Amino acid sequence: MEKQMINSSESGSRRATSHALEDHLAEWSLQTGIRVEIWALPKQPLPALITEIVHGAIRDVLQEVERQAQAQTVSIALTVAPGGLRLTVSDDGLGTSAKACKANLRSRRVELAGIGGGLTVNGVQGEGTTVSATVPRRALG
């Protein structure tokens, strides 16, 4: 897995989907002062519905981080493997209550469940929170 800081030079081979996400993350980082590390982005294009759901989930998680995590860094990995798509967003903040975070991400959980996917939240007090989402291969087309 290649770790890429948000301020590093962009590769010309990135597709529009990954590029749009990188742009959003860079803008969010500038607005909030929270550093973003991109660990992985998919090399293949994703179906429009999946892109919309995943990008929406990322926006919602970042909103939670900004609102209550007091994080300095957020790390994001979005990968596609034989089993499907996996999104992981981790922060080094306060360790948000999983119950509160799940409640705030409820609509995304419902969207993901509608396509056979899922969303989990794990917070460790004082060490940060990790939100993981999955989309099964069959939903990717």
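The exercises below work through a predicted model of one protein chain.

**Exercise 1. Overall layout**

Task: State how many helices and strands the protein chain has, and in what order the elements run.

Solution.
- Step 1. The secondary structure amounts to four helices and six strands.
- Step 2. Read from the N terminus, the elements follow the order β-α-β-α-β-β-α-α-β-β.
- Step 3. The chain has 141 residues, and 44% of them are buried.
- Step 4. Among contacts with a separation of 6 or more, 65% are between residues 24 or more positions apart.
- Step 5. The exposed surface comes to about 7,500 Å², with carbon and sulfur atoms supplying 50% of it.

**Exercise 2. Strand β4 and its partners**

Task: Find which strands pair with β4, and in which sense.

Solution.
- Step 1. Strand β3 covers residues 73-81, and β4 covers residues 84-91.
- Step 2. β3 and β4 run antiparallel and are joined by eight bridges.
- Step 3. The connection from β3 to β4 is a hairpin through two residues.
- Step 4. One position to look at in this pair is isoleucine 76, which stands opposite valine 89 in β4.
- Step 5. β4 also pairs with β6 (residues 128-136), in the antiparallel sense and over seven bridges.
- Step 6. In that second pair, leucine 87 faces alanine 133 of β6.
- Result. β4 pairs with β3 and with β6, antiparallel in each case.

**Exercise 3. The surroundings of serine 75**

Task: Decide whether serine 75 is buried or exposed, and list its side-chain polar contacts.

Solution.
- Step 1. Serine 75 is found in strand β3.
- Step 2. Its relative accessibility is 17%, so serine 75 counts as buried, the limit being under 20%.
- Step 3. The side chain of serine 75 makes a polar contact of 3.1 Å with that of glutamate 37.
- Step 4. A polar contact of 3.3 Å joins the side chains of serine 75 and tryptophan 39.
- Step 5. With neighbours within four places in sequence left aside, serine 75 is in contact with Glu37, Trp39, Thr88, Val89 and Ser90.
- Step 6. Turn to glutamate 37, which has a relative accessibility of 7% and therefore counts as buried.
- Step 7. Glutamate 37 also meets arginine 35 in a salt bridge between side chains (3.0 Å, N to O).
- Step 8. Arginine 35, at 40% relative accessibility, counts as partly exposed.

**Exercise 4. Salt bridges on the helices**

Task: Identify salt bridges between residues of one helix, and say where aspartate 60 belongs.

Solution.
- Step 1. The whole structure holds four salt bridges.
- Step 2. In one of them, arginine 67 is paired with glutamate 64, with the closest N and O atoms 2.7 Å apart.
- Step 3. Both residues lie in helix α2, three residues apart, which is about one turn of the helix.
- Step 4. Glutamate 64 counts as buried, at 8% relative accessibility.
- Step 5. In another, the side chains of arginine 108 and glutamate 111 meet (2.8 Å, N to O).
- Step 6. Because arginine 108 and glutamate 111 are three residues apart in helix α4 (residues 106-114), about one helical turn separates them.
- Step 7. Arginine 108 is buried, with a relative accessible area of 14%, whereas glutamate 111 counts as partly exposed at 29%.
- Step 8. Aspartate 60 is in helix α2 (residues 48-69) and counts as buried at 16% relative accessibility.
- Step 9. Outside four places in sequence, aspartate 60 is in contact with Leu105, Ser107 and Arg108.
- Result. Asp60, Arg108 and Glu111 are linked in a network of salt bridges.

**Exercise 5. The nonpolar core**

Task: Name the residues that touch the most other members of the largest nonpolar core, and the element that gives the most to this core.

Solution.
- Step 1. In soluble globular proteins, nonpolar side chains tend to be buried together.
- Step 2. The largest nonpolar core here has 35 residues, and those touching the most other members are Leu25, Ile58, Val65, Val74, Ile76, Leu85 and Leu87.
- Step 3. Two or more residues come from each of α1 (16-32), β2 (35-40), α2, β3, β4, β5 (118-124) and β6.
- Step 4. α2 gives the most to this core, with nine residues.
- Step 5. Take leucine 85 as a case: apart from neighbours within four places in sequence, its contacts include Leu46, Ile50, Val54, Leu78, Ala133 and Leu140.

Technical notes:
Residues numbered from 1 in each chain as written. Predicted model: local features only at pLDDT ≥ 70, side-chain atom pairs only at ≥ 80, totals over all residues. Heavy atoms only, no water. Buried < 20%, exposed > 50% of the residue type's maximum accessible area, 1.4 Å probe, protein only. Polar contact = N/O pair within 3.5 Å; in protein donor to acceptor, adjacent residues only side chain to side chain. Contact = heavy atoms within 4.5 Å. Pairing = 2+ DSSP bridges. Core = buried A, V, L, I, M, F, W, Y, C linked by side-chain atoms within 4.5 Å. Areas by Shrake-Rupley, 256 points an atom, 1.4 Å probe, with all protein chains shown as cover.
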